[in-house]
Each structure stands twice: as C-alpha cells, then as structure tokens.
Amino acid sequence: MAHALRLAERGLYTTQPNPRVGCVIAHGGEVVGTGFHQRTGEPHAEVYALREAGTRARGAAAYVTLEPCAHHGRTPPCARALIAAGVDRVVVAAEDPFPQVDGRGTASLRAAGIAVDVGLLREAARELNIGFFSRVERGRPFVRVKLAMSLDGHTALNNGESKWITGEAARADVQRWRARSSAILSGSGTVLADNPRLTVRWPEDEAFAPPLRVILDRQLRTPAGSHVLDGSTPTLVLHDTAASCADNRFERVERMVLNTRNDALDLPAVLALLAGRGCNEVHVEAGPTLCGALFAAGLADELLLYIAPVLLGDSARPLLRLPALGDMAGRWQLRTVEQRMLGRDWRLRLRQA
C-alpha cells in the first residue's frame, strides 16, 4: 500500500478535480502490475495496473489507495474491471465518500466473492487527497493560506514593498503548492499593491493542470493592465451586485456576482461556489485583511508560512488582521504539521489545533 501511495503522488499536479489514486497488484511478495491515475478523463489506477499484470492478475491481491469506483463516469467502473480480471483480494486504504461510489465499490467486490479489507494506511491516503475529501464531505475546498514574514512578524514594509522577504528556494517551493491547487485566490487589494501574476512558473517538461485564478474584487477596482486580467490562464473575478464597469478591461476573464456580508464578499459562499466548480484545494495569496478574515471565520485549514531571518521594524505591515482578544483563552491555537529549511528560510505548515 505504501508503494501504491507513492504511485498516487505522481498524479499530484494533474488529476484534479479527481482524486490522486495508485494501485499495486501482487502475487504474494511479487508485484505484477502497478498504475496510477494520471489525468482527468483518462483510465484510473486500477486499469493501468491490470493492463500491466495481464493474466497474472487472476488470483492476485490488488492494493488500491481509494475505494474502486462502481459507476460509469468518464471511464467504466474499476470494481467491475477487478472482478473481470479475477483478483482474489482487494485491499483499500480509504473509503470514497463520493455519492456515486460511497461503499458501492466494496459492496460489488464482496458480492462477487472477492475478499475486501479497508483501512490500511487510511490517514495517509486521506492526507494525499485532503482537498477531495474536504469538497465531498464538507462541501468546500481545503483552504491553504500562504504567507511570508520576517522574524519580527511582518510581511512588507510600511510603504508596501515586499520583494523579496524570502530567498529563491522558498519562492520556488511556492510554485509547487500553487501547481497542486485547483485555484489560487487573492483580493483586489493585493492586485492593486503588487500586480501579481498568480500563475505557476514551472519547468516545461513537468505537467500540471493550470489552477483557476480567483480574484475577490467587490467594487471591481482591478485596473486595466493588471496581470490577472491578461487572459493567460482561466480567471474568475467575483464582485457584488452594486459594482459596475463601463469599459472592457474584464473581457478576457469571467465575472460573477456574489452576495456580501458586512461590506465584504461572503467567504463561505465563495468557497461553496468553488466547490461546485470542482475545486479541491484553494491556495490563498493575499494581504493581512483577507487572510485574517479567513482565519477569523474558521475557513483557513492550513497556514503555509515562510519565515525569513530578517527584521523589518515596528512600522512594517502585520502578518494577519484579526479581531482583538479579551483574554488568552480566545487565542488561535495552531499545531505544526511539518517544518523544513529552504535555503536560508524556514517553511512551517500549521493547522488549527
């Protein structure tokens, strides 16, 4: 199963909105077939593994990181393929909560007389597809907020200058987190201040599915000539009903009206909308106001924090804007999932405790 999970990771940047899945077919200690889901619309992991195994799949055990599908989608059901191949046993890491699967895959295998075990390395399999499980089970994507700060907790100078707090290794690492995401989310304030591209800078020989660029621009303040309006990648601009635009600067992007709450776009509605469009992981690169609002609303699932060994001084801009606390009991508690050195900088991954 560990081998199957490593195979599944090879689809990290290419399978969305589908989950990343790997499969290993073995006779005893001998692996006779392997496969992973490579791209949406293409065969699933089990199909590739069965093709490689050929007739040796009969009487073998299949190790699959996610419950085999039992319905006709873009591809035929994998449970039926395993049954037709004559495997004796199927070991599943994690159940598939997708309504058209959700127990039907394992049930059909058992009905065909195949032994089925579920739960081996379940947590690792769920972690690999944390956004998929979030979208299906919670109705919203997994939200990862990326921030870079100095040792004294600041993200930019008082005049807004922030390039570059971190070094090249940290900035290159960010591209991989962007590439694995379904959407990159930012606000109009960040667009006005930094004119970011919010695209993936990636080696030409590495495949990825370009994430959707999402800009929260309640008043349609994004100016003409902004990189996010260049049409180079799919882009969605969300605004409220009162906003209007008399020129054609948004002609190369999609615009949608969204409800507001307390003079800001309704963040739960934003995430529900993105889930409806098949977004699993949302990567947020924004200023302290939007990032703080996501944390305050309990919508930030993970903080991807880069820390540079520099000091910016008291007047520099803060990491997050959060409501004032009356006592320490109300503080936001985080737990460290991972910590790593990247060149001269540190990268922390933190989740709400």
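Which strands form the open sheet, and in what order? I began with this question on a predicted model, and I found nine strands in the order S11-S10-S9-S8-S14-S6-S15-S18-S17, with mixed pairing. At the edges I noted strand S11 (254–257) and strand S17 (334–342), each of which has a single partner strand, so one side of each is left without a neighbour in the sheet. I also looked up the twist, and neighbouring strands of this sheet are turned by 20 degrees against each other on average, with direction ignored.

Entry on strand S15. I went next to S15 (residues 302–308), where seven of the seven residues are buried, so the strand is largely enclosed by the rest of the structure. I recalled that in a regular strand the side chains alternate between the two faces of the sheet, and I therefore listed the two sides of S15 separately: Glu302, Leu304, Tyr306 and Ala308 are on one side, Leu303, Leu305 and Ile307 are on the other, and all are buried.

Entry on the partners of S15. Strand S6 (residues 142–150) runs parallel to S15 and is joined to it by seven bridges. Within this pairing I found Arg144 with Glu302 of S15 as its bridge partner, and Ala148 standing opposite Tyr306 in S15. Strand S18 (residues 345–352) runs antiparallel to S15, with six bridges between them, and here Ile307 stands opposite Trp346 in S18.

Entry on helices at the sheet. Which strands does helix H10 lie across? I listed S6, strand S8 (183–187), strand S9 (212–216), S14, S15, S17 and S18, and I noted that H10 runs at about 130 degrees to S6. In H10 (residues 288–296) the buried residues are Pro288, Leu290, Cys291, Gly292, Leu294 and Phe295. After the helix comes Gly298, whose phi is positive, near 70 degrees.

Entry on the cavity. I recalled that rolling a probe the size of a water molecule over the atoms shows where empty space is left. The search gave one cavity of 30 Å³ or more, and the largest cavity holds about 50 Å³ of space. Its lining consists of Gln16, Asn18, Pro19, Arg20, Asn129, Ile130, Gly131, Phe132, Asn280 and Glu281. By class I recorded three nonpolar, five polar and two charged residues in this lining, and helix H6 (residues 130–138) gives the most to it, with three residues.

Entry on backbone geometry. I kept in mind that most residues other than glycine have a negative phi, and that most peptide bonds are trans. Where, then, does the cis peptide bond with omega near 10 degrees lie? I found it from Gln16 to Pro17, and Pro17 has its place in the loop between helix H1 (2–8) and strand S1 (22–27). Gln16 also appears in the lining of the largest cavity.

I then looked up two residues with positive phi. Leu121 is not a glycine, yet its phi is positive at about 60 degrees; it is found in the loop between strand S5 (115–118) and helix H5 (122–128), and at 39% relative accessibility Leu121 counts as partly exposed. Asp263, also a residue other than glycine, has a positive phi near 60 degrees and lies in the loop between strand S12 (260–261) and strand S13 (264–265). Is Asp263 buried or exposed? At 64% relative accessibility, Asp263 counts as exposed, because the cut-off for that class is over 50%.

Definitions and conventions: Residues are numbered from 1 along each chain as its sequence is written. This is a predicted model: local features need pLDDT of at least 70, side-chain atom pairs count only at pLDDT 80 or more; totals for chains, interfaces and linings use all residues. Side-chain values use heavy atoms; hydrogens and water are left out. Buried means under 20% relative accessible area, exposed over 50%, partly exposed in between (1.4 Å probe, protein chains only). Helices (H or I, at least four residues) and strands (E, at least two) are DSSP runs, numbered from the N terminus. Two strands pair if DSSP finds at least two bridges between them. On a 1 Å grid over the protein atoms alone, a cavity is a set of points where a 1.4 Å probe fits but cannot get out, and a pocket is an open set with protein on both sides within 12 Å along at least five of seven lines; lining residues have an atom within 4 Å of a point. Grid points are joined across faces, edges and corners, and a volume is the space filled by probe spheres set on the points. Ala, Val, Leu, Ile, Met, Phe, Trp, Tyr, Cys and Pro count as nonpolar, Asp, Glu, Lys and Arg as charged, and the others, Gly among them, as polar. Axes are lines fitted to C-alpha atoms, for helices over the stretch in contact, and angles run from 0 to 180 degrees between N-to-C directions. Contact means heavy atoms within 4.5 Å.
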